[in-house]
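Here are a few notes to help you find your way around this one. Have the viewer open and follow along point by point.

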Amino acid sequence: MKNLKDYEEDIYKCSRCGLCQSVCPVFKATLNECAVSRGKFNILNGIIKKELNLNKTVKKYLDLCTGCNACKEFCPSKIDVKKIFIAAKAEYYKKNKISVLEKIINSYTLFKIGLQFGRIFFSIYRFIGLPRILKYFEKVICKTGILGKRILLLNSLAHGRYKNKLAKSKHKTQKAVYFEGCFNKYINKETEEAVKTILSGSNIELIKKNFECCGVSYLNDGNIDAFNKLLNKNLEMLKDDFDFVLTDCASCNDVLKNYKLFTNKETAKKLAEKTIMVSDLLKDFNFTANKKYKVAVHKPCHDTYDFIDIVKNINGIEYIEAKDFDKCCGFSGKFALQNQEISRKISKQKAQSYLDAKVDFILTTCPACQLGLNQGITEILAENTKEKIPEVMNLFLFLAKYCKTV
Ligand code: SF4
Ligand code: SF4
């Protein structure tokens, strides 16, 4: 992995044109120049020239970024901002003394304990039928303040059970190692069940392994030591032969493909070529919805536009293109925890565009985006809205639960 100094030339490429301001969701929500890539490059320039210290305040500004990459797409100099910010944050961890408490909070062990706890908690939660009860009272609960909104956000993760078995596809027998994102593995269990349901009639042999988290939040935070530990553990489990690695989360998909940037291992190179999303397998499936739903999509920053065609091709639905359907939802894991108000503001604006589109469902392929969209909906609900509230759902769950193959 490159150091910050190695990106000196890229940083100099910034002409200070300011075009990135027009696409940066964090800048739009804060009007803070430090939130946008131009501002961060000014700071990093000062650090490279040793005029500024890479301290906690600078890290805070670097964290004012959802990693959506919108500025990279728009930048006339095509600067890969995300890589530069990650390198700068990694340098912060190397140069500064991190307190024991901070280390514990950021440790993977604590994160995993949280996920294990989440798995047990949500199993009981669903078993006693709380999701429906809370959904019924959501308009009241969201007005109790931030705690109520957070409870509803958790509630949005718990969907009901379903039974469906889809028809056979034309795929030839292939071995697919299933990398279920940790959120789907521990909390959103229905997504895994949905993927299995969709592929149950296919000739794809799903191989399950006990993978660790892909490491996305550690990578985005610049905590490269923690990220590398997870990368090595995951690569170790991929030594056997496989035709492809199948992911059900757009963020995991993106990170697995980029493992090769952090290691020379052959498996990482193979992973870059062989990692695909579940949606990549569904292009020749013919889905028919069981009702005429109005459906919109949210394109996660790390997914391609490809999955949208699958949605558009579902027989019987009405596809509505919501405004800004491909803009960042404002959640982005740790960003939402570190910058709660900004995150909620971005999510709310995003959710409003779906309410304006008057759809029944918002489909997406990333669990963090599901949280972002639900976070925005909760903000709107708290304002006594009379508008129709769409249900945010993982695409694979929608296909398994509300569609048939013909
Ligand atoms: S768009 Fe690119 S070149 Fe222009 S200010 Fe932003 S980062 Fe710099
Ligand atoms: S990656 Fe997204 S949030 Fe980060 S600076 Fe660029 S546009 Fe803003």
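1. Let's start with a single cysteine, and keep in mind that this is a predicted model. C213 is buried, with a relative accessible area of 3%. Its closest cysteine sulfur belongs to C182, and at 3.8 Å that is too far for a bond, because a disulfide here needs the two sulfur atoms within 2.5 Å.

2. C328 tells a similar kind of story. The nearest cysteine sulfur is that of C301, 4.2 Å away, and C328 is in no disulfide. C328 is buried too, with a relative accessible area of 10%. So how many disulfides does the 2.5 Å rule give? The count comes to 0.

3. Next, the nonpolar cores. The largest one has 98 residues, and Y259, L282, L363, F396, F398 and L399 are the ones with the most contacts inside it. Helix α22, residues 395-402, supplies the largest share of this core, 7 residues. There is also a second, separate core of 35 residues, which includes C34, I48, I79 and A87.

4. Now look at ligand 1. Which residues surround ligand 1? They are C14, S15, R16, C17, G18, C20, S37, R38, F41, C75, P76 and S77. By class, this shell splits into 6 nonpolar, 4 polar and 2 charged residues.

5. Ligand 2 has around it C24, P25, V26, A35, S37, C65, T66, G67, C68, N69 and C71. The shell around ligand 2 has 7 nonpolar and 4 polar residues, with no charged ones. It's worth clicking on S37, which is listed around ligand 1 and around ligand 2.

6. Last stop, the second largest pocket, which holds about 1,300 Å³ of space. Its lining counts 45 residues, and C68, N69, A70, C301 and H302 are the closest to its centre. Two of these names should ring a bell: C68 and N69 are also among the residues around ligand 2. C301 came up earlier as well, as the owner of the sulfur nearest to that of C328.

7. What does the lining of that pocket consist of, by class? There are 19 nonpolar, 8 polar and 18 charged residues. Several helices supply at least two residues each, including α2 (25-30), α5 (70-74), α6 (81-95) and α16 (250-257). The helix that gives the most to this lining is α20, with 7 residues.

Note on methods. Residues numbered from 1 in each chain as written. Chains lettered and ligands numbered in written order. Predicted model: local features only at pLDDT ≥ 70, side-chain atom pairs only at ≥ 80, totals over all residues. Heavy atoms only, no water. Core = buried A, V, L, I, M, F, W, Y, C linked by side-chain atoms within 4.5 Å. Buried < 20%, exposed > 50% of the residue type's maximum accessible area, 1.4 Å probe, protein only. Helix = DSSP H or I, 4+ residues; strand = E, 2+ residues; numbered from the N terminus. Near = heavy atom within 4 Å. Nonpolar A, V, L, I, M, F, W, Y, C, P; charged D, E, K, R; others polar. 1 Å grid on protein atoms, 1.4 Å probe; cavity = no way out; pocket = protein on both sides within 12 Å on 5 of 7 lines; lining within 4 Å. Points joined across faces, edges and corners; volume = space filled by probe spheres on them.
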